[in-house]
Each structure stands twice: as C-alpha cells, then as structure tokens.
Amino acid sequence: MVREVALRVDGAPCMGEYMKGFVAIRPSDAFFWNKEYLERFYKTQSADTKEKIPGYYYMQKIIEFDCDHTESGELYREYVKHGCLEKKNQLCDWCKEHNFVGPSCGRIPRPFPNYNKDDFHYLDVFDTPMKIDGKPRSPDDMQPRANIKKLVKDKKLILGDNSIEVFSKKFIIPETQVIEAVKHIQENAVAANLRNEERKKRTKEKRGKKFADYDWKALIEEGKLSDLHNVYCEGAVVADEVPSSENDSDSENELLDLNETWPSDSDFNNTDSTDADEAEQA
C-alpha cells in the first residue's frame, strides 16, 4: 500500500515543481540480506578474524568497488566511471568489460572561483582546473556551506573579525550570507545544548524517583508501565534504593497503604455494571 502511494505521488506536479516519492526498502529486498555477517564484518578489527566471516570476499569486493568508483560530498554522492583508473592507475575487471560505448569522455570539474574579476564569478568550465598543485581536488573544496561548517567547528571562522572577509573573498560569497550562515550554525548549537541539558534533567529526575513516587494506577491505565523499562535499564533503580532489612517494615507498610488505595476487582465490576445500566436507560 505504501509503495502504491509513493508511485502515485512520484512525478506529480506541485507548486511549479514535481514531487519525488520514496519508500524504504524492506529487509527482505535489501541488497545485503546477510545483515548479521555484514555487522560482524564492519565491527571486526582483526584482518585474520574478518577474513573468516562468511561472505568476506564478496563484501570486501563490493566495498572496494564502491571506494574506487564513487565520490561523496556534503550534498552529493556520484558514481565515477573509470574511477579506479584515477585511484589505482589501472582499470578493474568490471570497467574493462563495461567500457564506454562511444568515445571516452572526461569528467566535468566542479566550479572554481574566478579571482580575476571584481564581482562574484566562476571560471569557465573549460578553464576550471581538475587538480590543484598536481593533486586532484577534494570534494567540497570550494563549496561555501560545507567549508563554513568545518571552519566554525574548528573555531577558525568567528563573527567580528577579518575571517569573515577572508572567507567571503576566497569563496566568492557576500559577507552578509557568511554571517547569516555562521549565526544559524551557532543558534543550532545552542538549541542542541538546551535539548541535551533538558534530556539530562529528565533523566536525573527519573533516576531520583522512588517506588512510592510513581502513580502506578495511572501508569497501568495509560499503558505507560513499559516506559519504566528504559529507566531501569539506565540505572534508575540502584542498589542503595532497594529496601534493606532495617526498612522492611516501612516498605511493607507502604505496600499495604498502596494496596488499600488500589481498586479491587469488585470496584471495576461495579463500574462496568453501572455503565451498562446507564446505557440501557439511555
């Protein structure tokens, strides 16, 4: 049903554009169906032990092919035909068997600033370099947003100093946009810290609760009793909270008091019968 909805949405016009529908792949249809062995493959550090994992050579071959023929940036991941030739100076068996049908074509370089013009311009595609100082350009080397995130994280792009102006000239982007991007990252960091502190506060409050602090009746009626499982797993109930022999009498009294306030089966039956009588009268 979900797949049918995705197919119906896919390509539908919306606000002058066209929508794209996706559906998560079911585990049974996944390319790597041997999830257990794949997890062991990634978690194992020893080369000798990893080689003994079932499916090792197949998974290793797929991973090596992916590393040699794909390139990933912040907002893209692309397949590079004959990428193995660039990284290993020779074609792999698959590329030899699946060569270009027509004339071989080269890659289109990513945009590079034109510093010879006063305004914000990029070089012509035919003048754009593929290498800098004899080395292939790295992904996102001139992508403004990716570099802003990196420099803010490294504390090399700071509001109020000349780093904003230097970045603006290097990546040919107005200073106002650089400032807005830096502020946005800082605001997100503050919001993340607030959420983290709030999460720690809630966890601390949960761990500080005793048996009598819980409204057990409400937890059962609202179906939230299973939520306490996470609290116990996080260490909410520790050894010093377990009643000792000295406090056994107090604990028994608490349980007796709780038992007295707990509704009996007859109370529930009376409630049901009362509701039934009211329904018949209506």
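This passage describes the overall make-up of a predicted model, then helix H4 and the cysteines.

The protein contains 13 helices and 6 strands. Of its 282 residues, 18% are buried. Among contacts with a separation of 6 or more, 38% join residues that lie 24 or more positions apart. The exposed surface comes to about 22,500 Å², and carbon and sulfur atoms supply 53% of that area.

Helix H4 offers a handy place to look at the geometry and packing in more detail. The helix covers residues 56-69, 14 residues in total. At 1.5 Å a residue, a span of 20 Å is expected, and because the end C-alpha atoms of H4 are 20 Å apart, the model agrees with that expectation. The buried residues of this helix are Tyr56, Met59, Asp68 and His69. Their packing partners include four helices by name: H2 (35-43), H3 (47-51), H5 (83-88) and H6 (93-97). Strands E3 (70-72) and E4 (77-79) also pack against the buried residues of H4.

Turning to the cysteines, a search of the whole structure finds 0 disulfides. Cysteine 84 is accordingly in no disulfide, and the nearest cysteine sulfur, which belongs to cysteine 95, is 3.7 Å away; a disulfide would need the two sulfur atoms within 2.5 Å. Cysteine 84 has a relative accessibility of 1% and therefore counts as buried, the cut-off being under 20%. Cysteine 14, by contrast, has 34% relative accessibility, so this residue counts as partly exposed.

Definitions and conventions
Residues are numbered from 1 along each chain as its sequence is written. This is a predicted model: local features need pLDDT of at least 70, side-chain atom pairs count only at pLDDT 80 or more; totals for chains, interfaces and linings use all residues. Side-chain values use heavy atoms; hydrogens and water are left out. Helices (H or I, at least four residues) and strands (E, at least two) are DSSP runs, numbered from the N terminus. The expected span of a helix is 1.5 Å times one less than its number of residues. Buried means under 20% relative accessible area, exposed over 50%, partly exposed in between (1.4 Å probe, protein chains only). Contact means heavy atoms within 4.5 Å. Accessible areas come from the Shrake-Rupley method with a 1.4 Å probe; for residues, only the protein chains shown count as cover.
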